Amino acid sequence: MLRLAVPNKGSLSDPAITLLKEAGYRTRRSGRELVLVDADNDVELFFLRPRDIAVYVGQGTVHAGITGRDLLLDSGVQALEHLPLGFARSTFRLAAPAGTMSSLADVAGKRVATSYDVLVRGYLEAQGVQATTVHLDGAVESSVHLGVADLIADVVETGTTLRAAGLEVFGEPLLVSEAVLVTTEQFQHEPALATLVRRLEGVLRARSYVLVDYDVPMNLLDQASALTPGIESPTVSPLQNPDWVAVRAMVPRKDMNRVMDELYALGARAILVSSLLACRL
């Protein structure tokens, strides 16, 4: 049975549970139990703190887990990023009092407050910068004002909290993070894990595409097909009117409205768009 760790709280939790549910796994808990067995899919789900998941995976306690790339790198364990999942995106940045620092060179000899000291130390060492990391479990924005540190390294989304604390980001991002499926070399070829990955990829790809159906005059079919080439080729079906055909194709979701406009301008009609739940491409 595949043992899978799932975030039990925070910004990773709800999207991870939704993704697994759409992939066909049982995720509903009757209470706040920490373990859920999905016998039909031969999977046992463990609901754990996101920061602990990479540690459990690295120790082999569970076969795989969903956590953040930043948390994986900060764990310091021998676990692998197996599949990026595309949600909970964030940027890891350095920030200092406005106007005091502008490049990584300014960090040398300074104190850096962070909740991700393993990640930050590894980054600074790789860049040849010697600095002291100050570990804090949260609210690192206050550390500079309180004299604990000279700058901070933290996850930045909008930057509103930093500006309120009189801080501004500088330099290049240390890391662009998102939710990832992690495992180890020992388990990365497990058949049950391969099935999980195939299902997750099916849901993620389906979220990126829509299904477009439309009718188009036969003499415009080649031009319409160029607008909707699909994955392999569009599906073309005859209509009662021999001068027209029905066409079905997958289209990238981001291009949906532009493609509809272009099809209509070409002469296509009855243009319908449907969402996809899952797919195998």
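## A pair within helix α8

In this predicted model, E262 and R258 both belong to helix α8, which spans residues 256–266, and they stand four residues apart, or about one turn of the helix. The two side chains form a salt bridge in which the closest N and O atoms are 3.3 Å apart. E262 is partly exposed, with a relative accessible area of 31%, and R258 is likewise partly exposed, its relative accessible area being 42%.

This pair does not stand alone, since salt bridges with shared partners join K254, D255, R258 and E262 into one network. In the structure as a whole there are twelve salt bridges, among them the two described next, one between E81 and R69 and another between R248 and D213.

## A strand-to-helix pair

The side chains of E81 and R69 meet in a salt bridge with an N to O distance of 2.8 Å. E81 is part of strand β5 (residues 80–84) whereas R69 is part of helix α3 (residues 69–75), and the pair therefore ties together parts that are twelve residues apart in sequence.

The two partners fall into separate accessibility classes, for which the limit of burial is a relative accessible area under 20%. R69, at 14% relative accessibility, counts as buried, while E81, with a relative accessible area of 34%, is partly exposed.

## A strand-to-strand pair

Between R248 and D213 the side chains meet in a salt bridge of 2.7 Å, taken from N to O. The pair links distant parts of the chain, with R248 in strand β14 (residues 244–252) and D213 in strand β12 (residues 209–217), 35 residues apart.

Here too a buried residue is paired with a partly exposed one: D213 counts as buried at 17% relative accessibility, and R248 is partly exposed, with a relative accessible area of 41%.

## The surroundings of T184

T184 is placed in the loop that runs between strand β11 (179–183) and helix α6 (191–208). Although T184 lies in a loop, T184 counts as buried, its relative accessibility being 7%.

When residues up to four places away in sequence are left out, the residues that T184 touches are V57, G58, H63, Q78, A79 and L80. Among these contacts, L80 lies within the residue range of strand β5 (80–84), the strand that also contains E81, the partner of R69 in the salt bridge described above.

Methods. Residues are numbered from 1 along each chain as its sequence is written. This is a predicted model: local features need pLDDT of at least 70, side-chain atom pairs count only at pLDDT 80 or more; totals for chains, interfaces and linings use all residues. Side-chain values use heavy atoms; hydrogens and water are left out. A salt bridge is a side-chain nitrogen of Lys or Arg within 4 Å of a carboxyl oxygen of Asp or Glu. Helices (H or I, at least four residues) and strands (E, at least two) are DSSP runs, numbered from the N terminus. Buried means under 20% relative accessible area, exposed over 50%, partly exposed in between (1.4 Å probe, protein chains only). Contact means heavy atoms within 4.5 Å.
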